[in-house]
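Please open the structure in a viewer and keep the selection tool at hand. The tour below proceeds stop by stop, stating at each one what to select and what is found there.

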Amino acid sequence: MEINLVSAILVLPLLGLIPVVFAGGKDRDDIVRWGAFIASLVTFVVSLGLLFGFDVSDPGLQFVEIFDWIPNLGISYYVGVDGLSILLVLLTAFIMPLAILSSFSAITERIKLYYAFMLILETAMLGVFVAQDLFLFYIFWEVTLVPMYFLIGIWGAENRIYAAIKFFLYTMAGSILMLLAILWLGINGGTFALPELIEQGINYAAFGPATEALLFFAFAIAFAIKVPLWPLHSWLPDAHVQAPTAGSVILAGILLKMGTYGFVRFNLPLFPEASRQYAPLIATLAVIGIIYAAWVSYAQKDMKKLVAYSSVSHLGFVMLGIFALTAQGVQGGILQMINHGLSTGGLFLMVGMLYERRHTKLMSAFGGIWKAMPIYGGLSLIIVLSSMGLPGLNGFVGEFTILMGALGSNVLAMGFAVFAATGVILAAIYLLTMFQKVFMGPLEKEENKALADLNWREIAVLVPIVILLFVIGLYPAPFFGLMDTAVGHLLAQMGQVLTVGR
């Protein structure tokens, strides 16, 4: 029997639960850690099969598996990948083993439970990106809440319970609206299969002129909370600051992309007229978020909170690219999802490694760290420059493509791109200010002079990220190639005239 690769990567993390759950006794903690790591690493290796077997000329779904799940309700197990999702699947499979490896020394209590939640979370996140049935998508979407709630609530910092509940309630509130819209689509479309709903189209006008707008916003609010889009972002800084390092890496690197991916996968093809009509509104919120969050980042004294607010700013660029409704804008938005996952994930790892040594995240507690930790300082500099969009690194490619797409948009005025571009300057200001305060200057504090540089495990976590920052920055063509046909097909479905400039 032929094994479907998409189903395989969904099952493999769950198989990793076997050594995690059944390894008994404190003396078996290493078995638990390495069992979880190996399960996630094998999942990544298998996911590369999707990449090597992917046909870039095919805009449709590939590696499809479908069978009836609840046939009397029209619900099926329907999974597959295309150019819109394959990079996010690969990002998820890539980030998880690094997040698990980074937890080896940081997590010392309830180890079994921690790694079990990590593996369950991996399956749920992968499921979100491969599900093609609306009901199945919703199941995976909701399942991601549970392990992340406990990761923050059990292994987080001093205000972890407040942050975990706030995260859960915010996301759940938006999800209820999305569930109602999914039920409407399934009942009136006769199926929950997304490709079939898109192909047949829904005659929204037959149900009243406001129906498409209501459905659009039911999905959009759920996704905007997850992104998070200003002004629905207030849960994010609390969740990031209180989460353990690996939790912050997964939250920024993958979970937030579920929101931006949702707009591309559902809002644009299902509600094309509403997407065009409300693109200026979404873009306005995105640009406000870019500038506001960058300004607030500069005022932070806590490194982790600074990086958290920077996520709101950077994901504002992604939303601007998506709702430019041009090929360049959408492609830049998808690439920037990957870039943000790598760069901001790297920043959270960087902060976490320093926190393990000094048990503080305040910038004022440091200064001159590069002298004590030269390897750490060098790798951190590359990650910071990547996040601020230095040419030659990944962030520049994504932001430049988004701005080009916004300038060439038929639905957005030029001012959107102009104002968004100020976010690039502001990012350089707050990130370089952080780097100067923490790494540069004299090494005066005695407790910092004895800090140990990175060990082999920490280097093994950061180096793969740094390599990808250069690969995407210097040669992004293969990444654009994976999504080019699918993005063109998506915009053609919407009836959008593709333009590369005015």
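Select Gly16 together with Ala39 and Leu119: Gly16 touches these two residues, leaving out residues up to four places away in sequence. Gly16 is found in the loop between α1 (5-15) and α2 (17-22). Is Gly16 buried or exposed? Gly16 is buried, because its relative accessible area is 5%, under the cut-off of 20%. Now add Gln200 to the selection. The C-alpha atoms of Gly16 and Gln200 are separated by 40 Å, and the two residues are 184 residues apart along the chain.

**The whole chain**

Zoom out to view the entire model, which is predicted. The chain contains 22 helices and two strands. Its radius of gyration is 22 Å, close to the 23 Å that the globule rule gives for 502 residues, so the chain is as compact as a globular protein of that length. Along its principal axes, the C-alpha trace spans about 70 × 55 × 40 Å.

If the viewer can colour by accessibility, apply that scheme. Buried residues make up 62% of the 502 residues in the chain. With a surface display, the chain exposes about 17,900 Å², of which carbon and sulfur atoms supply 69%. Of the contacts with a separation of 6 or more, 81% are accounted for by residues 24 or more positions apart. For the charges, select the 23 positive and 28 negative ones; their mean positions are 14 Å apart.

**Strand β2**

Select Tyr77, whose place is in strand β2 (residues 75-81). Tyr77 counts as buried because its relative accessibility is 15%, again under 20%. Which residues is Tyr77 in contact with, leaving aside its neighbours within four places in sequence? They are Ser7, Leu10, Glu65, Ile66, Phe67, Trp69 and Leu136. Next, draw a distance from Tyr77 to Phe137. Their C-alpha atoms are separated by 9.7 Å, with these positions 60 residues apart along the chain counted as the separation.

**Two residues with positive phi**

Most residues other than glycine have a negative phi. Select Arg110, which has a positive phi of about 50° although it is not a glycine. Arg110 lies in the loop between α4 and α5 (111-130). Arg110 counts as exposed because its relative accessibility is 54%, over the cut-off of 50%.

Move on to His359, in the loop between α15 and α16 (369-372). Phi of His359 is near 55°, a positive value in a residue other than glycine. At 58% relative accessibility, His359 counts as exposed.

**Two cis peptide bonds**

Most peptide bonds are trans. Select the loop between α10 and α11, where Pro228 lies and where Pro231 is also found. The peptide bond from Val227 to Pro228 is cis, with omega near -10°. The bond from Trp230 to Pro231 is cis as well, with omega near 10°.

**Helix α11**

Continue from that loop into helix α11 (residues 235-242). How many of its eight residues are buried? Seven are, and the helix is mostly covered. The buried residues are Trp235, Leu236, Pro237, Ala239, His240, Val241 and Gln242. Display the surrounding helices to see what they pack against: α7 (145-155), α8 (160-189), α10 (211-226), α12 (245-270), α14 (303-322) and α15 (327-358).

**Helix α14**

One of those helices, α14, holds the next selection, Ser313. Ser313 is buried, because its relative accessible area is 1%. Select also Gly289, Ile290, Ala293, Ala294 and Tyr430, which Ser313 touches when residues up to four places away in sequence are not counted.

**Confidence in the model**

Finally, colour the chain by pLDDT. The mean pLDDT of the chain is 86, and 95% of its residues reach 70 or more. Which element has the lowest mean pLDDT, and which the highest? Helix α20 (residues 446-449) has the lowest, at 77, and helix α4 (residues 86-102) the highest, at 93. Select residues 496-502 as the last stop: the pLDDT there is below 50. This stretch has 18 contacts in the model beyond near neighbours in sequence. Where pLDDT is low, the predicted coordinates should not be read in detail.

Definitions and conventions:
Residues numbered from 1 in each chain as written. Predicted model: local features only at pLDDT ≥ 70, side-chain atom pairs only at ≥ 80, totals over all residues. Heavy atoms only, no water. Helix = DSSP H or I, 4+ residues; strand = E, 2+ residues; numbered from the N terminus. Rg over C-alpha atoms; globule rule 2.2 N^0.38 Å. Buried < 20%, exposed > 50% of the residue type's maximum accessible area, 1.4 Å probe, protein only. Contact = heavy atoms within 4.5 Å. Areas by Shrake-Rupley, 256 points an atom, 1.4 Å probe, with all protein chains shown as cover. Lys, Arg positive; Asp, Glu negative; His and termini not counted. Charge placed at Lys NZ, Arg CZ, Asp CG, Glu CD. pLDDT = per-residue confidence, 0-100.
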